[in-house]
Amino acid sequence: MSFDEKMNPYMVSSMHSTTTSLSSERLLLGPGPCNISDRVSASLSRPLLGHLDPLFLDAMDTCKERLRDAFQTKNEVTFPISGTGSAGMEFLLANFLEPGDRFLVGVNGVFGTRLMNLAKKMGAQVESVEADWGSPIDVSQLCEKIRSFKPKIVAVVNGETSTGVYQRGMHTIGTSAHDVDALFLADCVTSLTGMPMEIDTWGVDLAFSGTQKCLGCPPGLSPITLSDRAIQRFKERSQSVPSFYFDLEEILKYVGPQEGTPRSYHHTAPISMIFALNEALQEVLEEGLETRCQRHAAAASLLIEKLEPFGFTPLVAAEHRLNPLTTFQLPDEFDEQAARRHLLYSHQIEVGAGLGPLAGKVWRIGLMAGNANSQSVDHLVDGLVDYFEKN
């Protein structure tokens, strides 16, 4: 069996009707979730344990260690938040922002905008450095704003899922943030294990991700990691965290108590999802982070090559592309909604539409985790050939 076959054992049947069938698995080539492996799927069917069962707590500890490897960090406080990537975002802002704090964010898509709006809701003084959708944040401009604004937190989306931009210059941004004693926050939802990532080297203090992208796991958990600088800043809060579910101090009594301290109940963790994430992380580490990133890059390059004859052109310049998710400008006079419906109902293939100002103008095609291979690209090309022949 070839490597591609091992990594993408999904058989895609052709359906020439507009009815859905749960007996046929979709090939998920949108912005997430992606298909999961047989190993991860089997882990979801393991017998349930109690959320304080020693066997489950051992699994949680293993998961935390594997997440450190995935994030490339030695941060002791690294664990999965019970909730999707948006929960990870809200967890970080709830614990590390207080009303009146200065918050600086790079905005070049939906998820930078979301960080900005949530910080405003939490009463922060918010300023932004913006870039066109499809372009990265200008690092020199952001660093200049850091020096003048002197925020408490600097936030950047490392992989902007709405546009397919991978933000480079992370180490430079982190250094500038630390120079003014700010914390550096990174949204790594679509970049974790699919693009190069070095949390400690970059100086990232607060990072969150999601399980349904390059980790190859169902949605439902948000891996986070916090630096020692961040933990010290948390201890210096002037008021209590305005949340029960996301209170770091209370959560740590459950998922990460100090040695010799008994665990205490905070919430019922999604046990089956922890099992699934553990298995997904094991697959990541068996493959190796560098190899995995190279595979995502190769798949993205092949996708761009194969879609060029159809008139699809990448939105993002080559040096700034997010390999797990490529955003394509569409051919002239192309009925993108009809084409997506055809792929979904006739070929069981999902691709993503554009958001915000890119709605109707682009497709977002994800090749993530086990889907990042030539088979996925070939299935998509076959579906497009069929669509163009019939239209």
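## Close-up views of a predicted model

**View 1. A network of salt bridges joins Arg 39, Glu 279, Glu 283 and Glu 286.** In this predicted model, one link of the network is the salt bridge between Glu 283 and Arg 39, whose closest N and O atoms are 3.6 Å apart. This pair connects distant parts of the chain, since Glu 283 belongs to helix α11 (residues 271–287) while Arg 39 belongs to helix α2 (residues 38–43), 244 residues apart. Glu 283 has a relative accessible area of 18% and is therefore buried, because buried means under 20%, whereas Arg 39, with 36%, is partly exposed. The structure as a whole holds 17 salt bridges.

**View 2. Helix α10 (residues 248–255) has buried residues on the same side.** The buried residues are Leu 248, Ile 251, Leu 252, Tyr 254 and Val 255. They cover an arc of only 160 degrees around the axis, and this is why they lie on the same side of α10. Their packing partners are α3 (54–71), β2 (77–82), α4 (85–96), β10 (221–226) and α9 (228–235). At the N-terminal end of α10, Asp 247 acts as a cap, with a side-chain oxygen 3.1 Å from the backbone nitrogen of Glu 249. Lys 253 and Glu 250 form a salt bridge, with their closest N and O atoms 3.2 Å apart, and because these two residues are three residues apart in α10, about one helical turn separates them. Lys 253 is partly exposed at 36% relative accessible area, and Glu 250 is also partly exposed, at 29%.

**View 3. Seven strands form an open sheet with mixed pairing.** The order of the strands is β2-β10-β9-β8-β5-β3-β4, and the edge strands, β2 and β4 (125–130), each pair on one side only. From one strand to the next, the twist averages 20 degrees. Strand β3 (residues 102–107) runs parallel to β4 and is joined to it by six bridges, and in β4 the bridge partner of Gly 106 is Val 129. Helix α7 (residues 170–179) packs on the sheet, where it touches β5 (153–157) and β8 (183–187), and its direction makes about 150 degrees with that of β8. On β4, the side chain of Glu 127 meets that of Lys 145 in a salt bridge (2.4 Å, N to O); Lys 145 lies in helix α6 (residues 139–149).

**View 4. Five strands form a second open sheet, again with mixed pairing.** The strand order is β1-β13-β14-β12-β11. Because β1 (27–29) and β11 (313–314) stand at the edges with a single partner strand each, one side of each is left without a neighbour in the sheet. β1 pairs with β13 (residues 349–353) in the parallel sense over three bridges, and Leu 27 stands opposite Ile 349 in β13. Helix α14 (residues 374–390) lies across β1, β13 and β14, at about 90 degrees to β1, while helix α13 (residues 336–347) lies across β13 and β14 (362–366), at about 155 degrees to β13.

**View 5. His 342 is a buried residue of helix α13.** Its relative accessibility is 12%, so His 342 counts as buried. The side chain of His 342 makes a polar contact with the side chain of His 347 (3.4 Å). Leaving aside neighbours within four places in sequence, the residues in contact with His 342 include Gly 383, Asp 386, Tyr 387 and Lys 390.

Conventions
Residues are numbered from 1 along each chain as its sequence is written. This is a predicted model: local features need pLDDT of at least 70, side-chain atom pairs count only at pLDDT 80 or more; totals for chains, interfaces and linings use all residues. Side-chain values use heavy atoms; hydrogens and water are left out. Buried means under 20% relative accessible area, exposed over 50%, partly exposed in between (1.4 Å probe, protein chains only). Helices (H or I, at least four residues) and strands (E, at least two) are DSSP runs, numbered from the N terminus. The arc is that of the directions from the helix axis to the C-beta atoms. Contact means heavy atoms within 4.5 Å. A polar contact is a pair of N or O atoms within 3.5 Å; within protein, one must be able to donate a hydrogen and the other to accept it, and residues adjacent in sequence count only if both atoms are side-chain atoms. Two strands pair if DSSP finds at least two bridges between them. Axes are lines fitted to C-alpha atoms, for helices over the stretch in contact, and angles run from 0 to 180 degrees between N-to-C directions. A salt bridge is a side-chain nitrogen of Lys or Arg within 4 Å of a carboxyl oxygen of Asp or Glu.
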